[in-house]
Amino acid sequence: MASAPAELISYIVKAMVDDADAVHVRESDGGRLLEVETAADDRGRVIGRQGRVAKAMRALLGASRDGADCRLDIVD
């Protein structure tokens with residue numbers, strides 16, 4: 001079962017990509033590191049122009065109670 005921060009990021013990413021089935025959010029480092037994996041075509045959408053979308057997702061994690069100490073990485 002995924003933690004609340006992982007479910008939040010998964011929900012946001014799946015809403016913005018074309019291939020929602022290819023989205024995988026892995027937790028490591030005791031749940032403090034979230035790694036988002038998407039299809040290659042959707043990776044640009046998740047990162048956004050100059051990283052704005054990724055920065056906004058990190059801000060949402062920081063503002064949430066459970067995700068305040070989580071880091072977010074978008075992996076290739």
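The following legends describe close-up views of a predicted model.

**View 1. The three-stranded sheet of the predicted model.** The sheet is open, and its three strands lie in the order 1-2-3 with mixed pairing. Strand 1 (24-28) and strand 3 (71-75) form the edges, each pairing on one side only. From one strand to the next, the twist averages 25 degrees.

**View 2. The pairing of strand 2 with strand 3.** Strand 2 (residues 33-37) and strand 3 run parallel and are joined by five bridges. Within this pairing, Leu 33 stands opposite Arg 71 of strand 3.

**View 3. Two helices packed on the sheet.** Helix 1 (residues 4-16) touches strand 1, strand 2 and strand 3. The direction of helix 1 makes about 25 degrees with that of strand 2. Helix 3 (residues 52-63) also packs on the sheet, where helix 3 touches strand 2 and strand 3. The direction of helix 3 makes about 150 degrees with that of strand 3.

**View 4. The surroundings of Arg 43 in helix 2.** Arg 43 belongs to helix 2, which covers residues 43-47. Leaving aside neighbours within four places in sequence, Arg 43 is in contact with Thr 38, Ile 74, Val 75 and Asp 76.

**View 5. Arg 43 and Asp 76, a buried charge without a salt bridge.** Arg 43 is buried. The nearest side chain of opposite charge is that of Asp 76, 4.1 Å away. A salt bridge requires a side-chain nitrogen within 4 Å of a carboxyl oxygen, and Arg 43 has no salt bridge. Asp 76 is nevertheless among the residues in contact with Arg 43.

Conventions
Residues numbered from 1 in each chain as written. Predicted model: local features only at pLDDT ≥ 70, side-chain atom pairs only at ≥ 80, totals over all residues. Heavy atoms only, no water. Helix = DSSP H or I, 4+ residues; strand = E, 2+ residues; numbered from the N terminus. Buried < 20%, exposed > 50% of the residue type's maximum accessible area, 1.4 Å probe, protein only. Lys, Arg positive; Asp, Glu negative; His and termini not counted. Contact = heavy atoms within 4.5 Å. Pairing = 2+ DSSP bridges. Axes fitted to C-alpha atoms, helices over the stretch in contact; angles between N-to-C directions.
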